[in-house]
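User: I am new to this structure and would like a close look at one helix and the parts around it. Could you walk me through it in a connected way?

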Amino acid sequence: MKIARDAAVLFCLCAAALAKAQMPTPAPYTADSTYAKLVRKYPFIQVASSAVPASVREVKDITYIVRGEHALQLDLYLPAQPSASPLPAIVFVHGGGWQSGVRANFTPMAIRMAERGFAAATISYRLSPEARYPAAIHDVKAALRWVRTHAQEYGIDPARIAVSGGSAGGQIASLVGVTNGLDQFDPDGGPGAVSSAAQAIVNIDGLSDFTSEAARKEEDNPAKQPTSAGAWFGGTYAEKTALWREASPTFYVGPKTPPILFIGSAQPRFSVGREEMVEKLKAQRVPTRTVLLPDTPHSFWLLDPWLEPTVEATVAFLRAQMGPAR
């Protein structure tokens, strides 16, 4: 009996180890991997520089919250010269299909925002191989709370904090912003907690509606499993319909929704649901703007010459909606 039990246990352990070994490893999503993928079609591109100029102060590897044994960190970029008044801030959420990517992908944009008088944070968050939806939403809200909690220390205006992201990070940033004050998305909140609210949203080529026909294309095709969205939700649309809807920013639009800027590529499948969401925002008189960069691939914000117009559109929108960087 004991031998049989031991054999069964050993079999289960071996099977689990084999299954883990056979799980597909998410492809790296960095500026360098994006450049290598795109340079043949766009030979004029360059990876946007992450060199920190003398005009910018960099504070790296700040732990903003600990989840289990994982210390989630952010990097902060500030104007090197002290400001006479508190700075508006922006928190950047990297993309990577909810399963990969690094916060350094947004370092070039954060530096350029700091050069224009903003405080900018690039954050890491739990990816789907570690924790499924809605863990990432909880983490980004915790990062916003950290920035607000430490606003005085870094010369930040706690009433002017935006959230932004690219691709999957754009969807996450949108959902974080449109769910201001909803306890179900913010387990670290509650009575007496510092607010995790965002005063503006910048969605860079991220989808707005997981439930639309375009977003669900191929999601329930057995040959396509697991998709990146399915891995994040822990099941296909057919299996986890309620979660797919719950994670769609478009369903939370209301009169108190923060102003939203959409910056899109020439690849429409990466901004599914945007037009419908814009119509909802307009109906609620929520300020919104859409900037489309012609002839661009997805992930354009990681590369020159497209980073500059992305920054300029973001700065102009945030200055209009949150007040100027003084």
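Analyst: The buried residues of helix H2 pack against strand E1 (46-47) and strand E10. Helix H2 covers residues 31-38, and in it Ala31, Thr34 and Leu38 are buried. Looking down the axis of H2, you would find these buried residues within an arc of 65°, so they line one face of the helix. Turn to the face that points away from this buried side, and you meet the exposed residues Asp32, Ala36 and Lys37. Please keep in mind as we go that this is a predicted model.

From here, let us follow strand E10, one of the packing partners of H2. Strand E10 spans 303-304, and the loop between this strand and helix H11 (307-322) holds Pro305. The peptide bond that leads from Asp304 to Pro305 is cis, and its omega is near 15°. On the other side of E10 there is another loop to visit, the one between strand E9 (288-292) and E10, where Asp295 has its place. Asp295 is a residue other than glycine, yet its phi is positive, near 60°. Is Asp295 buried or exposed? Its relative accessible area is 63%, and since the cut-off for exposed is over 50%, Asp295 counts as exposed.

It is worth setting Trp98 beside Asp295. Trp98 is not a glycine either, and its phi is positive at about 65°. You can find Trp98 in the loop between strand E4 (87-93) and helix H3 (107-115). Trp98, however, has a relative accessible area of 8% and is buried.

The cis bond at Pro305 also has a counterpart elsewhere in the chain. Tyr133 and Pro134 are joined by a cis peptide bond, with omega about 5°. Pro134 sits in the loop that runs between strand E5 (119-123) and helix H4 (135-149).

Strand E5 brings us to strand E3, since the two run antiparallel and are joined by 4 bridges. Within this pairing, Tyr77 has Ala120 in E5 as its bridge partner. Strand E3 also pairs with strand E2 (residues 56-67), again in the antiparallel sense, over 9 bridges. Here Val59 stands opposite Leu76 in E3. The hairpin of E2 and E3 has 2 residues between the strands, and Gly68 in this hairpin takes a positive phi near 65°. How enclosed is E3? Of its 10 residues, 7 are buried, so the strand is largely enclosed by the rest of the structure.

Our last stop is the second largest pocket, with a volume of about 170 Å³. It is lined by 13 residues, and those closest to its centre are Pro82, Ser83, Leu87, Tyr154 and Gly155. Strand E3 (70-79) appears again here, because this strand and helix H5 (151-154) each supply at least two residues of the lining. By class, the residues lining this pocket are 7 nonpolar, 4 polar and 2 charged.

Definitions and conventions:
Residues are numbered from 1 along each chain as its sequence is written. This is a predicted model: local features need pLDDT of at least 70, side-chain atom pairs count only at pLDDT 80 or more; totals for chains, interfaces and linings use all residues. Side-chain values use heavy atoms; hydrogens and water are left out. On a 1 Å grid over the protein atoms alone, a cavity is a set of points where a 1.4 Å probe fits but cannot get out, and a pocket is an open set with protein on both sides within 12 Å along at least five of seven lines; lining residues have an atom within 4 Å of a point. Grid points are joined across faces, edges and corners, and a volume is the space filled by probe spheres set on the points. Ala, Val, Leu, Ile, Met, Phe, Trp, Tyr, Cys and Pro count as nonpolar, Asp, Glu, Lys and Arg as charged, and the others, Gly among them, as polar. Buried means under 20% relative accessible area, exposed over 50%, partly exposed in between (1.4 Å probe, protein chains only). The arc is that of the directions from the helix axis to the C-beta atoms. Contact means heavy atoms within 4.5 Å. Two strands pair if DSSP finds at least two bridges between them.
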